[in-house]
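Reader: Got a minute to go through a model with me? I'd like to keep it quick.
Author: Sure, here it is.

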Amino acid sequence: MNKSKTKYVGKNVLRFEDERLLNGNGQYTADINFPGMYHVAFLRSEISHGEIISIDLEEAKKLENVYDIFLYDDLKHISPIISKSNMKKYLPTKQHILCKKRIRYLGEPIAAVVAKNRYIAEDAISLINIELKELEPIIDTINASNETKNFVHPSLKTNVILERTFSQGDIKDVNQNELISIKKIFKMGRKTPLSMEPRSYVCDINKRTNELTLYSSTQVPGIIKDAIMTYLGINGNQITVIAPDVGGGFGGKASLYMEELIVVAIANKLQTPIKWVSDRYEDLLTTSQGFEEIIEAELLLDEKGNFISLNSNVYGDIGAYSIYPWTAALEPMQVAGFLQGPYKIKNFYSNVKCITSNKPPTGPYRGVGRPAAVFVIESLVDMAARKINMNPSQLRLNNIIRKNEQPYKIGSGIVWDKVGFEECLRKALSLIDYDKIKTTKKWEGVGIATYGELTGIGSKISVAPGMPLNTGSETSRLEIDSTGSISATFGIASHGQGLETTLSQVVGDHLGVTPNSIKIKQGNTSLITHGTGTYASRSAALAGGAAIKVSKKARNHILNVASFILNVPKTEIDIEDNLITQKNSNQKLSFPELSRIVYSDMQTLPIKLRKPLIFIESYDPIFGASTTATHIATVKINPETFKIKIKNYVVAEDCGKVINPMIVDGQVQGGVAQGIGAALFEEMKYNENGQLETATLADYLIPNSLDVPEISISHLEDFLPNNIGKFKGMGEGGTIGATGAIANAVSDALKHLNIEITELPITPNKLYTLIKNKEKK
Amino acid sequence: MSNEIQLKTTINGIEYDLTVPARLLASDFLRDHLNLTGTHVGCEHGICGSCTIKIDGLTARSCLKFAVQLDGKKVETVESFKEKPETRNILEKFKANHSLQCGFCTPGFLMIIDELLKSKIKFSENEIREALSGNLCRCTGYENIVKAANEILTHKKIK
Ligand code: FES
Ligand code: FES
């Protein structure tokens, strides 16, 4: 092994993915076609809550080139989707593949029309006559939780499908009279992940072998394959799920979708390839949404600025169904889980309710729970600082968990270990020159957010509590074929992260070959026995760990073989730049030569050294890698238009060993941009009639190139985690830190008006209302 | 509904003479009829810019045009970019600056930058950001796209 020497890890290796993606040869699911392929379009519910009275397909079926129309009854052999959990007090929901009778959200699929092309399928949809009975939509989260009659799932007799309390210490022991209380109700608006590529699925069928191949714009091909087996009864060796080039995911492509199962079921039934490509409207209506919480929170501190207790109630609006496989627990539980942040607070209490409503299911969205948690705790800290008249950076430093206090278990049970909270905070403060930049000017402000995050989690920690799914390990298979070509296969599914490049850097270092000589294979379930995919900031730590293990194993074996061939001890041999060399001599072997001797030459080697050059290793880090960052933003508000402009933005982050700095920076920049969206622009707005007011990209605004500033980023590599590669996940942190930093900066810019932001996004409209209301008083 | 119309158009230097459905979108025509899938469809309502192509040298959103509106025009799509040195350079700058992650939005940005490059005007960074603000990218946070555009456009010669 090359000891600590790394030739490729830590370097800006340019991405191998880029050439094809730039020159038009990328292949996204919508780009894939097969001869004889039919297209599917869906009739979707135009109301949020109701019942189907009747459906008349006669006219639609008469249309030329319409081949079939499927309703619930035609697919009722597919049992309802149930997302299991072993959490106590969890009531699973049943989701039918197509609406049976009850409609639970706007856009829920009712009928699948199969036609020659999408145009004709949509013509047919317009000819379907459907009669619906409207029911009162359940939209308001708090009302839904208190409802005694109107339920999204009447058989459950409640809209609260999961409840859990976290507590540590006892607030009754604290003399509250002497303490300062900061108590607020916070609101985080509902988001959509909005990858630029809408969801799409194509299912091909091989009639000779009776095999199906689903091309899916998914982050989790392994999970989809397992679900196809479970729900469609298709054997694992007859279905392959391939995630080709995927145009972003951000969590929105990390769950199972009904359309995904339907496309496979119809291809199987009609024995012909089937394609469905979501349009943007469908994508906005039906891709899993994110966040949406109301959080009542109270921070108690003493007058010296020591945090004493944090109490909260989290009301999470999870939409109509408990999402598969993550369950309703995923988002709201993470809010409570991370609410305490990086601070020492002895007394902690949080009650979390996961509440159904007539909105699309929420699922993972970049940051999961933590953007809301950070918004709440970091706002409370700034509010406290204002109240006791202390510098917000000082108040943080007073309470932050220091290096020598770790491992430290916070109130929700999470253990922080080997994480540079204080160091990142100090670094960010100096990067932006905080004390200088702090301003008393009206309409200008600066905001800090610092947070803790768990990444690259192993089998002992669940992505969502109670979820019966192993997300804690990854496998890699490294092969050197008869020509000496090297490939390494993984169960992850890159969708913009550049994993084909970063994993080849890792293999390259540990095997002794150049990254561009390695073919990384991923996103294809038939290439690997098990793997779930790419989500939850796990791929670098887990797949990177498997890559190290398998490369070391391969290297060791190659050294054994070479030692025999060159007739020198192993220790005398090195592998570098694709050459196996005897140190201090000219004796060399190339990989093609080695392969020829192993596979084709039946004389040189004893039989036991002639076994195929295939190596498999799995990696499970068991626990997770704690990480942190501090974000600091400065903003300026236009007092006439109330437009909020972000002027400066710094991030100091602790991401363990950096594999490719350029890619890490790109993840931070993109993550912050989404956090800016979450803080300033983005909200899926359902009105009281259950209609979506933001159903186009002209209404659901995401940041553009004028909204996102240049971000200055500093990486701290001093806190290395206990995993094999010393990698920490960093795909989500950008989004996690931005909400709190921006909310605090905006509150600071409004200090002359005594306005504190408690609701995100804070749009110019909302700001106007806040200011007008204040003036009225 | 299946009214067919005659269409003569030049795409990436190749002349086509065919009949297409009158209601066929230009984006679908390129992608599904000519298999030029480098042009992407992200919204079909004119906001995201992933479907941007060049028609007679000017950028246009192919999702907002019918195929028949390409009649008599010279169209360029991203597939032509690797061939010519000037556009090849844009691709290389995107690689060097890590200006793409998932690559879905990328063809649109390439088109806009190529248009700016061929205009006779010099641009400040802010003007570049403004010119790019009509295209959406969800992955990169724009910084590296702006960097590449800056490098490409600040070296441009004004004839
Ligand atoms: S697809 Fe044309 S602008 Fe979005
Ligand atoms: S690179 Fe993914 S949308 Fe721009």
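Reader: How many disulfides does the structure hold over all chains?
Author: Zero, over all chains. Keep in mind that this is a predicted model.

Reader: Let's take two cysteines. Is Cys354(A) buried or exposed?
Author: Cys354(A) is buried, because its relative accessible area is 0% and the cut-off is under 20%.

Reader: And Cys63(B), buried or exposed?
Author: Buried too, with a relative accessible area of 5% for Cys63(B).

Reader: Helices next. At what angle do H10 and H11 of chain A pack?
Author: About 165°, with the axes 10 Å apart. H10(A) covers residues 392–399 and H11(A) covers 421–432. That angle makes the pair roughly antiparallel.

Reader: Which hand is the crossing of H10(A) and H11(A)?
Author: H10(A) passes H11(A) in a left-handed crossing.

Reader: Which residues meet there, H10(A) to H11(A)?
Author: From H10(A), Ser393(A), Arg396(A) and Leu397(A). They meet Glu422(A), Leu425(A), Arg426(A) and Leu429(A) of H11(A). By type, the residues of this contact are three nonpolar, one polar and three charged.

Reader: How many residues of H10(A) are buried?
Author: Six of the eight, so the rest of the structure largely encloses H10(A). The buried ones are Pro392(A), Ser393(A), Leu395(A), Arg396(A), Leu397(A) and Asn399(A).

Reader: What does Arg396(A) touch besides H11(A)?
Author: Asn744(A) has Arg396(A) among its contacts. Asn744(A) sits in helix H17 of chain A.

Reader: Is Asn744(A) buried or exposed?
Author: Buried, because its relative accessibility is 2%. Setting aside residues up to four places away in sequence, Asn744(A) also touches Glu378(A), Ser379(A), Asp382(A), Val446(A), Gly447(A) and Ile448(A).

Reader: How far is Asn744(A) from Val381(A) in space?
Author: 9.5 Å, C-alpha to C-alpha, for residues 363 apart in sequence.

Reader: What about the loop after H17, where Thr758(A) lies? What does Thr758(A) touch?
Author: Thr758(A) lies in the loop between H17 (733–749) and strand E29 (759–760) of chain A. Beyond neighbours within four places in sequence, its contacts are Lys184(A), Ile185(A), Phe186(A), Lys187(A), Phe375(A) and Met383(A). Thr758(A) counts as partly exposed, at 23% relative accessibility.

Reader: And how far is Thr758(A) from Glu17(A)?
Author: 42 Å, C-alpha to C-alpha, and 741 residues apart in sequence.

Reader: Another threonine, then. Where is Thr240(A)?
Author: Thr240(A) is in strand E11 of chain A, residues 239–242. Thr240(A) is buried, with a relative accessible area of 15%. Residues up to four places away aside, Thr240(A) touches Leu212(A), Thr213(A) and Leu214(A), and also Asn524(A), Thr525(A) and Ser526(A).

Reader: Back to helices. How many residues of H8(A) are buried?
Author: Nine of its nine residues, 330–338, so H8(A) is mostly covered. Among them are Leu330(A), Glu331(A), Gln334(A) and Phe338(A).

Reader: Over to chain B. How do the axes of H2(B) and H3(B) lie, what angle and how far apart?
Author: The angle is about 130°, and the axes are 10 Å apart. H2(B) is residues 85–96 and H3(B) is residues 106–118. The two helices are therefore oblique to each other. H2(B) passes H3(B) in a right-handed crossing.

Reader: Which H2(B) residues make that contact?
Author: Glu86(B), Thr87(B), Ile90(B), Leu91(B) and Phe94(B). On H3(B), the partners include Phe109(B), Leu110(B), Ile113(B) and Leu117(B). Over the contact of H2(B) with H3(B), seven residues are nonpolar, two polar and three charged.

Reader: Now backbone oddities. Which bond at Pro407(A) is cis?
Author: The peptide bond from Gln406(A) to Pro407(A), with omega near 0°. Pro407(A) is in the loop between H10 and strand E16 (408–409) of chain A. Another cis peptide bond joins Leu760(A) and Pro761(A), with omega about 0°. Pro761(A) is in the loop between E29 and helix H18 (764–776) of chain A.

Reader: What is phi at Trp443(A)?
Author: Positive, about 65°, although Trp443(A) is not a glycine. Trp443(A) lies between helix H12 (434–437) and strand E18 (444–455) of chain A, in the loop. Trp443(A) counts as buried at 17% relative accessibility.

Reader: And Asn567(A), buried or exposed?
Author: Exposed, at 67% relative accessibility. Phi of Asn567(A) is positive as well, near 60°. Asn567(A) is in the loop between helix H14 (539–566) and strand E22 (573–576) of chain A.

Terms used:
Residues numbered from 1 in each chain as written. Chains lettered and ligands numbered in written order. Predicted model: local features only at pLDDT ≥ 70, side-chain atom pairs only at ≥ 80, totals over all residues. Heavy atoms only, no water. Disulfide = S-S within 2.5 Å. Buried < 20%, exposed > 50% of the residue type's maximum accessible area, 1.4 Å probe, protein only. Axes fitted to C-alpha atoms, helices over the stretch in contact; angles between N-to-C directions. Helix = DSSP H or I, 4+ residues; strand = E, 2+ residues; numbered from the N terminus. Parallel < 35°, antiparallel > 145°, perpendicular 65-115°, else oblique. Left-handed = near helix turned anticlockwise from the far one by under 90°. Contact = heavy atoms within 4.5 Å. Nonpolar A, V, L, I, M, F, W, Y, C, P; charged D, E, K, R; others polar.
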